[in-house]
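Student: I should like a close look at one part of this model, taken residue by residue. Please begin with a single side chain and then place it within the whole fold.

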Amino acid sequence: MSEHTYAFKVGMTCSGCSGAVNRILSKAANVSSFDISLENQTVTVKSTLSQNEVLEIIKKSGKSVEPLTA
């Protein structure tokens, strides 16, 4: 399966918020890398999963999340 890069807008207001997203993605299978920007409230994820699967993983952090269009 090929790897894709997805960008999401995630409602994060503090380092605790970004830490929660970090913990969720660190434990997720098939996520090769990710970048969290608290300042921009964005998360970029490289994964072999579908965009919707990654979105559902990030939702487990309890934060609001929506895909960003390229």
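Is Ile57 buried or exposed, and what is its relative accessibility?

Tutor: Ile57 counts as buried because its relative accessibility is 13%; buried means under 20% relative accessible area, exposed over 50% and partly exposed in between, with a 1.4 Å probe and protein chains only. The model is predicted, so local features need pLDDT of at least 70 and side-chain atom pairs pLDDT 80 or more, while totals for chains, interfaces and linings use all residues. Numbering starts from 1 along each chain as its sequence is written, and side-chain values use heavy atoms, without hydrogens or water.

Ile57 belongs to helix H2, which covers residues 51-59. Helices (H or I, at least four residues) and strands (E, at least two) are DSSP runs, numbered from the N terminus. Beyond its neighbours within four places in sequence, Ile57 is in contact (heavy atoms within 4.5 Å) with Ile24, Leu25, Ala28 and Leu49. Of these partners, Ala28 is separated from Ile57 by 29 residues in sequence, yet the two C-alpha atoms are 7.5 Å apart in space.

Leu25 leads from Ile57 to helix H1, as it is among the buried residues of that helix, together with Cys17, Ser18, Gly19, Ala20 and Val21. The buried residues of H1 pack against helix H2, and also against strand E1 (4-10), strand E2 (31-37) and strand E3 (42-47). H1 itself has 13 residues and reaches 18 Å from its first C-alpha to its last, close to the 18 Å expected at 1.5 Å a residue, where the expected span is 1.5 Å times one less than the number of residues.

Ser18 illustrates the packing of H1 in detail. Its place is in this helix, at residues 15-27, and its relative accessible area of 14% is the reason why Ser18 counts as buried. When residues up to four places away in sequence are not counted, Ser18 touches Met12, Ile36 and Leu38.

Ile36, one of these partners, is situated in strand E2. With a relative accessible area of 23%, Ile36 is partly exposed. Apart from residues within four places in sequence, Ile36 is in contact with Met12, Ser18, Val21, Asn22, Thr42 and Val43. The C-alpha atoms of Ile36 and Lys46 are 12 Å apart in space, at a sequence separation of 10 residues.

A further local feature involves two aromatic rings. The structure holds one aromatic pair. Its members are Tyr6 and Phe8, whose ring centres are 6.5 Å apart and whose planes stand at 55°, so the pair is tilted. For Phe, Tyr and Trp (its six-membered ring), centres within 6.5 Å make a pair, with planes under 30 degrees apart counted as stacked, over 60 as edge-to-face and the rest as tilted. Tyr6 is buried at 12% relative accessibility, and Phe8 is buried with a relative accessible area of 0%.

These details fit into the whole chain as follows. The protein has two helices and four strands, and from the N terminus on the elements run β-α-β-β-α-β. Its C-alpha trace spans about 35 × 25 × 15 Å along the principal axes. Of the 70 residues, 34% count as buried. Among contacts with a separation of 6 or more, 60% come from residues 24 or more positions apart.
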